[in-house]
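Here is a short briefing on one protein model. Keep the structure open while reading.

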Amino acid sequence: MDVSVILTYRCNSKCSMCHIWQNPTDPKEEVSLRTLEKIPYGFDYLNLTGGEPTLRNDLEEIVDLLYPRAMQLEISSNGLHAERLEPIIKKYPDIKIRFSLDGLEDTNNSIRGEDNGFQKVDGLLKLKELGGEDLGLAITIQDDNAQDVVELFHFAEANGFELATSTLHNGFQFHKSDNVPYDRLRVASHIEELITNQLRTWNIKNWFRGYLNLGLIAKVLGHDRILRCTAATDFVFIDPWSDVYACNVRPDLLLGNLEATSWDEINNGEVADGIRKKVYHCQQNCWMVGSAKTAMRHSKYAKIPRSGPLYWVILNKLRLMLRKPIPFGEYIDYSKIQADDLTIKRNIFLGVAFKRNLQKKEDPHYIHYGEFINK
Ligand code: SF4
């Protein structure tokens with residue numbers, strides 16, 4: 001099982017597709033070390049995310065506490081305070097670190113509302129110098145940066161970084177319900193190009209990232225998921241108020257509160273059984289890294305892929321070796337593209353003053369975001 005801990009809703013980026021930063025938590029009310037201590041040992045992956053996790057003053061202590069509890073610990077950061085990760089990477093060089101970078105210089109700055117966002121690459125290079133072994137960049141592919149994705153992939157490869165990919169999603173974590181691509185087919189065509197480039201490399205991880213990106217095409221076109229979601233069985237999210245959810249999209253999939261109860265009660269009770277049934281019938285077609293990679297891997301052995309993705313990878317790697325193209329039309333029905341009634345232009349916040357709304361623990365949460373449509 002994987003667990004993602006949303007350590008804070010504070011964030012120093014101002015992204016157009018994620019409004020966490022507009023609704024920060026009070027640091028005094030964010031999930032405590034005492035509560036995190038209840039997370040048992042033996043997880044496959046444990047992801048520390050936000051908001052921006054480096055804004056937590058106790059991040060080093062959190063890592064000390066949680067590092068031994070999973071096969072792999074990941075920190076997902078915007079990279080604007082890379083220096084805060086230096087003591088952590090010196091101590092734990094095998095921690096996976098991903099910095100969000102949403103395109104080449106100007107594109108990234110505009111989408112993420114960051115003044116000099118590309119400088120985070122220098123911060124990542126410094127972590128590499130300090131011994132970091134699993135470093136990478138992460139892009140949310142969308143209309144405004146889809147044209148940069150192949151170049152960014154080669155840039156990451158040239159620097160010894162991985163490129164993690166996702167696309168626009170709606171969900172309570174992002175405070176968004178209008179993240180819809182403007183031109184689904186155009187975005188999908190850039191992802192096709194990325195997949196072909198990934199399968200041309202001699203890096204097995206890139207090949208499986210290619211399959212994950214095939215799922216992104218399905219998501220972008222508004223199709224059903226290519227593999228069933230296993231939220232609450234293979235992964236859960238803990239929010240900054242210690243509430244445990246099956247996923248970061250549907251606020252109705254609440255399993256319990258880790259501050260008030262034990263991990264066992266949350267994971268093994270009747271509530272969890274009911275939520276797993278709801279997940280089984282979920283109609284959303286999310287395809288985020290957390291739900292995609294768990295769906296792609298073997299149910300018992302996290303390091304081994306399921307037969308479907310494995311077969312797809314072998315077949316298409318062979319095709320490319322024989323100089324034949326990947327027949328994307330065999331996997332994706334391009335005649336079916338989700339029709340959107342209303343596509344709202346996303347606001348850009350670079351250089352724009354904005355008053356944040358502090359969210360208190362006792363406030364009702366996520367109530368405006370009950371109807372997420374990920375199509
Ligand atoms: S498919 Fe449903 S259960 Fe799975 S992550 Fe999306 S909203 Fe959650």
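The points below cover the sheet, the helices on it, some backbone details and the ligand shell.

The model is predicted. An open sheet of nine strands runs through this briefing, with mixed pairing. Eleven residues are not discussed one by one here; the ligand shell is given as a list and by class, with eight nonpolar residues in it.

**Sheet**
- The strand order is β6-β5-β4-β3-β2-β1-β7-β8-β9.
- β6 (162–167) and β9 (254–257) stand at the edges. Each has a single partner strand, so one side of each has no neighbour in the sheet.
- On average, neighbouring strands are turned by 25 degrees against each other, direction ignored.
- In general, strands of a sheet pair through backbone hydrogen bonds, either parallel or antiparallel.
- Strand β3 (residues 70–77) pairs with strand β4 (residues 96–100) in the parallel sense. Four bridges make up this pairing.
- Ile 75 has Ile 97 in β4 as its bridge partner.

**Helices on the sheet**
- Helix α6 (residues 149–158) lies across β5 (134–141) and β6. The helix runs at about 175 degrees to β5.
- Helix α8 (residues 204–221) also packs on the sheet and touches β5 and β6. The direction of α8 makes about 15 degrees with that of β6.

**Backbone details**
- Gly 50 and Gly 51 are joined by a cis peptide bond, with omega at about 20 degrees. Gly 51 sits in the loop between β2 (43–49) and α2 (59–66).
- His 175 is not a glycine, yet its phi is positive, near 55 degrees. His 175 belongs to the loop between β6 and α7 (184–200).
- Is His 175 buried, exposed or partly exposed? His 175 is partly exposed, because 18 other C-beta atoms lie within 10 Å.
- Arg 323 also has a positive phi in a residue other than glycine, near 60 degrees. Its place is the loop between α12 (307–321) and α13 (328–331).
- Arg 323 counts as exposed, because it has 6 C-beta neighbours inside 10 Å. The cut-off for exposed is 12 or fewer.

**Ligand shell**
- Which residues are around the ligand? They are Cys 229, Ala 231, Ala 246, Cys 247, Val 249, Arg 250, Val 279, Cys 282, Gln 284, Cys 286 and Ser 291.
- By class, the shell has eight nonpolar, two polar and one charged residues.

How values were computed:
Residues numbered from 1 in each chain as written. Predicted model: local features only at pLDDT ≥ 70, side-chain atom pairs only at ≥ 80, totals over all residues. Pairing = 2+ DSSP bridges. Helix = DSSP H or I, 4+ residues; strand = E, 2+ residues; numbered from the N terminus. Axes fitted to C-alpha atoms, helices over the stretch in contact; angles between N-to-C directions. Contact = placed C-beta atoms within 7 Å. Buried ≥ 20, exposed ≤ 12 C-beta atoms within 10 Å, placed from the backbone. Near = placed C-beta within 6 Å. Nonpolar A, V, L, I, M, F, W, Y, C, P; charged D, E, K, R; others polar.
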